[in-house]
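Please look over the sequence and the model shown here before reading the report that accompanies them.

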Amino acid sequence: AESVGLMHRIDTTVVAQTIRARVELAALGVDPAFRVWANVSPGVLARGNQAERLAAFMQQANCDPVGIGIEITASGALLDIDAAQSELRAARRMGA
């Protein structure tokens, strides 16, 4: 997927599905502290603005950020560590 440029679309889909799943779990009464994790590729994090996109997804779905975790897939080398760290710090400040 990375070699043909599909990772951004796949990551967006996975994150959106993760958020929807967490909202469904909350509706079923699952403990709010239970965290659902989404894997994202390093290259997508390096693009920037991902924390803002994550916040928008969560707000639209009425999802508490505490219930979402983000994990970086180890499929490739991180091209821009500083950008990725910045995005992860922003996501952490939101509670993810």
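The report below takes up confidence, then the helices, then the strands.

This is a predicted model, with a mean pLDDT of 82 for the protein and 83% of its residues reaching 70 or more. Confidence is lowest in helix α2 (residues 42–46), where the mean is 70, and highest in helix α1 (residues 7–27), where the mean is 92.

The spans of two helices are set out in the table.

| Helix | Number of residues | Span between end C-alpha atoms | Expected span |
|---|---|---|---|
| α1 | 21 residues | 30 Å | 30 Å |
| α3 | 12 residues | 16 Å | 16 Å |

For α1, the distance between the end C-alpha atoms agrees with what 1.5 Å a residue should give. The buried residues in α1 are Met 7, Asp 11, Thr 12, Val 15, Ala 16, Thr 18, Ile 19 and Arg 22. Seen down the axis of α1, these buried residues fall within an arc of 165°, and they therefore line one face of the helix. The face turned away from that buried side carries Arg 9, Glu 24 and Ala 27, which are exposed. Just after α1, Gly 29 takes a positive phi of about 90°.

Helix α3 (residues 50–61) reaches 16 Å from its first C-alpha to its last, close to the expected value, and its buried residues are Gln 50, Ala 51, Leu 54 and Met 58. Viewed down the axis of α3, the buried residues fall within an arc of 100°, so they line one face of the helix. On the other side of α3, Glu 52, Gln 59 and Gln 60 are exposed, and the helix is followed by Asn 62, whose phi is positive, near 60°.

Both sets of buried residues can be read against a general point: an α-helix has 3.6 residues a turn, so residues three or four places apart point the same way.

The strands come next. Strand β1 (residues 36–40) pairs with strand β2 (residues 68–72) in the parallel sense over 5 bridges, and the bridge partner of Trp 37 in β2 is Gly 69. The side chains of β1 alternate along the strand, with Val 36, Ala 38 and Val 40 pointing to one face and buried, while Trp 37 and Asn 39 point to the other and are not buried.

Which residues does Thr 18 touch, leaving aside those up to four places away in sequence? Thr 18, which is found in helix α1, touches Val 36, Trp 37, Ala 38 and Ile 68. Its relative accessibility is 9%, and Thr 18 therefore counts as buried, the cut-off being under 20%.

Conventions:
Residues are numbered from 1 along each chain as its sequence is written. This is a predicted model: local features need pLDDT of at least 70, side-chain atom pairs count only at pLDDT 80 or more; totals for chains, interfaces and linings use all residues. Side-chain values use heavy atoms; hydrogens and water are left out. Buried means under 20% relative accessible area, exposed over 50%, partly exposed in between (1.4 Å probe, protein chains only). Helices (H or I, at least four residues) and strands (E, at least two) are DSSP runs, numbered from the N terminus. Two strands pair if DSSP finds at least two bridges between them. pLDDT is the predictor's confidence in each residue, from 0 to 100. The expected span of a helix is 1.5 Å times one less than its number of residues. The arc is that of the directions from the helix axis to the C-beta atoms. Contact means heavy atoms within 4.5 Å.
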